[in-house]
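Biologist: Please show the sequence and the model. I should then like to ask about them one point at a time.

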Amino acid sequence: EKKYDQAYAYLTPSYRALNSPESYRGRFGDGAKWIEPKVANVECSTEERCVVTVKLKVLVVARGFGKPIDSNMTETWLKEDGQWWYYQH
């Protein structure tokens, strides 16, 4: 289930001030699906900035791809005013 509005709520206030939920949704296509995402590692360079590695499988929706592909994704999270936010590049 794709929950773009819920994901949008985690984005930094500065990103949301410049980008609508619709423009955020437009960044994603329908060519792949995440399966079993799990946090694998968290490294914090400061008390306000952490890099999170997520292990997941990606199911590509295209001819010739039948099995999920193992993958890693890296996310940056920032703490502002006591709240953690996902930093969208």
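Biologist: In which strand is Glu-36 found?

Modeller: The model is predicted, with local features needing pLDDT of at least 70 and side-chain atom pairs pLDDT 80 or more, while totals for chains, interfaces and linings use all residues. Residues are numbered from 1 along each chain as its sequence is written, and side-chain values use heavy atoms without hydrogens and water. Helices (H or I, at least four residues) and strands (E, at least two) are DSSP runs numbered from the N terminus. By that numbering, Glu-36 belongs to strand 1.

Biologist: What is the phi of Glu-36?

Modeller: Most residues other than glycine have a negative phi. Glu-36 is not a glycine, yet its phi is positive, at about 55 degrees.

Biologist: In which order do the four strands of the open sheet stand?

Modeller: Two strands count as paired if DSSP finds at least two bridges between them. Strand 1 (32-46) and strand 4 (83-87) each pair on one side only, as edge strands. The pairing in this open sheet is antiparallel, and the order is 1-2-3-4.

Biologist: How many bridges join strand 2 to strand 3?

Modeller: One residue opposite strand 3 is Val-52, which faces Glu-75. Another is Lys-57, which faces Asp-70. Strand 2 (residues 49-60) and strand 3 run antiparallel, and the bridges joining them number 10.

Biologist: How many salt bridges does a search of the whole structure find?

Modeller: Side chains of opposite charge can pair when their charged atoms come close. A salt bridge here requires a side-chain nitrogen of Lys or Arg within 4 Å of a carboxyl oxygen of Asp or Glu. Over the whole structure, the number found is one.

Biologist: What is the N to O distance in the salt bridge of Lys-57 and Asp-70?

Modeller: Lys-57 lies in strand 2 and Asp-70 in strand 3, so the pair ties together parts that are 13 residues apart in sequence. Their side chains meet with an N to O distance of 3.6 Å.

Biologist: Does Asp-70 count as buried or exposed?

Modeller: Buried means under 20% relative accessible area, exposed over 50%, and partly exposed in between (1.4 Å probe, protein chains only). Its partner Lys-57, at 31%, is partly exposed. Asp-70 has a relative accessibility of 62% and therefore counts as exposed.

Biologist: In strand 4, which residue is the bridge partner of Glu-80?

Modeller: Strand 3 and strand 4 run antiparallel and are joined by five bridges. One of the partnerships is that of Lys-79 with Trp-84. For Glu-80, the partner in strand 4 is Gln-83.

Biologist: Which residue in the turn of the hairpin of strand 3 and strand 4 has a positive phi?

Modeller: The hairpin leaves two residues between its strands. The residue in question is not a glycine, although its phi is about 55 degrees. At 85% relative accessibility it counts as exposed. Found in the loop between strand 3 and strand 4, it is Asp-81.

Biologist: To how many aromatic pairs does the count come?

Modeller: A pair of aromatic rings is described by the distance of the centres and the angle of the planes. Rings of Phe, Tyr and Trp (its six-membered ring) pair if their centres lie within 6.5 Å, and planes under 30 degrees apart are stacked, over 60 edge-to-face and the rest tilted. By this rule, the number of aromatic pairs is six.

Biologist: How far apart in sequence are the parts that Tyr-10 and Trp-77 tie together?

Modeller: The ring centres of Tyr-10 and Trp-77 are 6.1 Å apart and the planes stand at 75 degrees, so the pair is edge-to-face. Tyr-10, with 49% relative accessibility, is partly exposed. Tyr-10 lies in the loop between helix 1 (4-8) and helix 2 (13-18), whereas Trp-77 lies in strand 3 (residues 69-80), so the separation of these parts is 67 residues.

Biologist: What is the angle between the planes of Tyr-15 and Tyr-24?

Modeller: Tyr-15 is buried, with a relative accessible area of 10%. Tyr-24 is buried too, at 5%. The two rings form an edge-to-face pair, 6.4 Å from centre to centre, and the angle between their planes is 85 degrees.

Biologist: Which residues form one aromatic cluster with Tyr-15 and Tyr-24?

Modeller: Tyr-15 and Tyr-24 form an aromatic pair. The cluster that holds them also takes in Tyr-4, Tyr-8 and Phe-28.
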